[in-house]
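Visitor: I would like to know what lies behind the labels used for this model. Please take me through the strands and the cavities.

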Amino acid sequence: MKLLERYIGQAVIIGVFSVLAVLVALFALIGFVDELDQIGRGSYTLWHALLYTLLNMPRQMYEIFPMATLLGTMLGLGMLANNRELVVMRTAGLSLTRIVWAIMKTAAMLILLAMVIGEVIAPPVYEYSNQKRLQLMGAKISLNTQYGLWARDGETYINVRRVDSQAKLRGIHLYTFEGQRMRTLMRAKSARYDGEQWLLKNVTRYDIDDQALQKHKVDELPWRTLLDPALINVVSVDPDTLPVWKLYNYIDYLRENGLDSGQYELAMWGKAVMPFTLAAMVLLAVPFVFGAQRHTGIGQQILIGFLIGIVFYIGNRLAGQMGLVYEFPPALAAALPTALVIGITLFWFRRLR
């Protein structure tokens, strides 16, 4: 029986890695085509675009792992079902419970692999590729994922504590030096781009000289700088690219500074739920294959599995964003789609038995 269990596990692994290879190659090709528009900026060449695309593959692999596990498990079990091997195994005395146990042992290895890719490999590789890309494009900006971004504009050093998805800046600090001495400190609550320049909002300016410190406040102030919205969008902190421990630290940082941490809490809980999501995808494939093997071919199963994966991906994203809009607990918004899949799978298992 152990030999049969290893055989089933091998079929699932081959199926998952086959699907994963195809999907990653497809997404990498799409990303490379999008990256062609950036060639020629600074010293950014075709080779750099290709390298950037390759370095982004671990992140893409982690993002599509749930779909790949669903499709791959369906593919592996579907091949066994089409060859009547599953029927022979069950006739030989291998129960459905033992088959599921063999599949879940394989799923445990896949979950471990996904966690290593998503938490250990992808984040530093993505951060390095992003920094290298910016340097090659001639951007004089360095990004610290925990404390915002830093830039130098002549004698002024710029620190932006937060960049939101609309290229609006929050928590701007401008330090202007004369030689080795700081002459001006300017703080702004936020900034927005009006199409030609940035407008600082709720500005407090401190003029520092040898005799006194002068303080001035204005509601709005024009600000011309090397930062442009396109570049800001590139270097903004994407919560999905951070490992769980950095997300946890960053959430603490946002809370301490009175900033909204909802998007980052959602990303953290999404990563925490990921092992259960992968297990749910593998489990979902089992009753689907056993229940449909007499009525549908493997091609139809893969197509339906792909549609289910797309629906889950969209539904998962939609649930998260709706949770933010309606202020649901991030843990609930992240876990709800996976819990729904597990519930449907268990119900289907009962009917299958």
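Guide: Two strands count as paired if DSSP finds at least two bridges between them. The model is a predicted one.

Visitor: What makes strand 4 and strand 5 a pair?

Guide: The cut-off is at least two bridges. Strand 4 and strand 5 (residues 181-193) have 9 bridges, so they pair. The sense is antiparallel, and T176 stands opposite T184 in strand 5. The two strands form a hairpin with 2 residues between them. In that turn, G179 has a positive phi of about 70°.

Visitor: How do you know that strand 3 and strand 4 pair?

Guide: By the same test: at least two bridges are needed, and 7 bridges join strand 3 (residues 156-163) to strand 4 (residues 169-178), so they pair, in the antiparallel sense. For Y157, the bridge partner in strand 4 is Y175.

Visitor: How many cavities of 30 Å³ or more does the search find, and what is the volume of the largest?

Guide: The whole structure holds 2 cavities of that volume or more. The largest has a volume of about 60 Å³. Its lining consists of R59, Y62, E63, G118, A122, P123, D240, T241 and K271. Helix 3 (57-63) and helix 6 (96-136) are the elements that each give two or more residues to this lining.

Visitor: Why are 4 residues of that lining classed as charged?

Guide: Asp, Glu, Lys and Arg count as charged. R59, E63, D240 and K271 are in the lining, so they make up the 4 charged residues. The lining also has 3 nonpolar and 2 polar residues. Gly counts as polar, so G118 belongs with the polar ones.

How values were computed. Residues numbered from 1 in each chain as written. Predicted model: local features only at pLDDT ≥ 70, side-chain atom pairs only at ≥ 80, totals over all residues. Heavy atoms only, no water. Helix = DSSP H or I, 4+ residues; strand = E, 2+ residues; numbered from the N terminus. 1 Å grid on protein atoms, 1.4 Å probe; cavity = no way out; pocket = protein on both sides within 12 Å on 5 of 7 lines; lining within 4 Å. Points joined across faces, edges and corners; volume = space filled by probe spheres on them.
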